[in-house]
Amino acid sequence: MLKWQTVHSGIPSGRFGHTCVEMGDYLVLFGGINDRGNRKNDTWLGHVMFNENNGVTFSWKMLDVGNVAPPSRGAHAACCIDEKRMIIHGGIGLNGLRLGDTWVLEMSDSHCFGTWHEIVAHPSPPPRSGHTLTCIGRSRTILFGGRGLGYEVLDDVWLLDTYQGYQRW
């Protein structure tokens, strides 16, 4: 039987339009928009622990990502590949500007820190929000749809191949 239960984990702050991906026993949360409409670019690591006596416990901590992070955004898309990398694309940035950038978070083996870097490739998908990223296999990601710069609904499909570190759309 499926059943929801409340898990009290404290932080991060409330938000919407964020992304959260699974990496084994961890969740990685990025960005979103708070109740005042401010876009965020913080990265959080959630640790899920299963215990026979206590059931499920969950704790959050802000992930140390150094000085480089994607610009603030919400309504972006994300997925996890290889259980150690999070890819984000697009979204709505500051002043409502739709974004078309692609970023990868490389997690350390210990999950103590991560490093963001931007994928700059040509061609690449145009700016959008409300789209999806879906991992295919261990190294490919499919981007579909969303809403474009002129608020048009998009129906294009893009493939991001990250095989052996070579990253191209």
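**Exercise 1. Describe the hairpin that S3 and S4 form, and state how many residues lie between the two strands.**

Solution. Begin with the terms: strands are DSSP runs (E, at least two residues), numbered from the N terminus, and two strands pair if DSSP finds at least two bridges between them. In this predicted model, S3 and S4 form a hairpin in which three residues stand between the strands. Next, look at how the strands are joined: S3 covers residues 39-51 and S4 covers residues 55-62, and the two run antiparallel with eight bridges between them. As one example of such a bridge, His 47 has Ser 59 in S4 as its partner.

Two notes on the model apply to every exercise. Residues are numbered from 1 along each chain as its sequence is written, and side-chain values use heavy atoms, with hydrogens and water left out. The model is predicted, so local features need pLDDT of at least 70 and side-chain atom pairs count only at pLDDT 80 or more, whereas totals for chains, interfaces and linings use all residues.

**Exercise 2. Find the order of the strands in the open sheet of three strands, and state which of them are edge strands.**

Solution. The order is S9-S10-S11, with antiparallel pairing. The edge strands are S9 (132-136) and S11 (153-161), each of which pairs on one side only. From one strand to the next, the twist averages 15 degrees, where axes are lines fitted to C-alpha atoms and angles run from 0 to 180 degrees between N-to-C directions. Finally, five bridges hold S9 to S10 (residues 140-147) in the antiparallel sense, and Thr 132 has Phe 144 in S10 as its bridge partner.

**Exercise 3. Locate Asn 34, decide whether it is buried or exposed, and list what it touches.**

Solution. Asn 34 is found in the loop between S2 (26-33) and S3. Its relative accessible area is 7%, and buried means under 20%, exposed over 50% and partly exposed in between (1.4 Å probe, protein chains only), so Asn 34 is buried. Contact means heavy atoms within 4.5 Å; when residues up to four places away in sequence are not counted, Asn 34 touches Gly 14, Arg 15 and Phe 16. In addition, a polar atom of the side chain of Asn 34 lies 2.9 Å from the backbone nitrogen of Arg 36.

**Exercise 4. Work out where the salt bridge partners Asp 42 and Arg 15 lie, and do the same for Arg 128 and Asp 156.**

Solution. A salt bridge is a side-chain nitrogen of Lys or Arg within 4 Å of a carboxyl oxygen of Asp or Glu, and by this rule there are seven. In the salt bridge between Asp 42 and Arg 15, the closest N and O atoms are 2.8 Å apart. Asp 42 lies in S3 and Arg 15 in the segment before S1 (19-23), so this pair ties together parts that are 27 residues apart in sequence. Both Asp 42 and Arg 15 are buried.

For the salt bridge between Arg 128 and Asp 156, the closest N and O atoms are 2.7 Å apart. Arg 128 lies in the loop between S8 (114-119) and S9, while Asp 156 lies in S11, so the pair joins parts that are 28 residues apart in sequence. Arg 128 is buried at 0% relative accessibility, whereas Asp 156 is partly exposed at 21%. Salt bridges with shared partners also join Asp 82, Arg 85 and Arg 138 into one network.

**Exercise 5. Identify the residues that touch the most other members of the largest nonpolar core, and the elements that give two or more residues to this core.**

Solution. A nonpolar core is a set of buried Ala, Val, Leu, Ile, Met, Phe, Trp, Tyr and Cys residues joined through side-chain atoms within 4.5 Å. The largest has 16 residues, of which Val 21, Met 23, Val 28, Met 86, Ile 88, Leu 105 and Trp 116 touch the most other members. The elements that give two or more residues are S1, S2, S5 (77-81), S6 (85-92) and S7 (98-107). Leaving aside neighbours within four places in sequence, Met 86 is in contact with several residues, among them Val 21, Val 28, Leu 105 and Trp 116. A second, separate core has 12 residues, including Ile 81, Ile 87, Ile 119 and Trp 169.

Key: Helices (H or I, at least four residues) and strands (E, at least two) are DSSP runs, numbered from the N terminus. A polar contact is a pair of N or O atoms within 3.5 Å; within protein, one must be able to donate a hydrogen and the other to accept it, and residues adjacent in sequence count only if both atoms are side-chain atoms.
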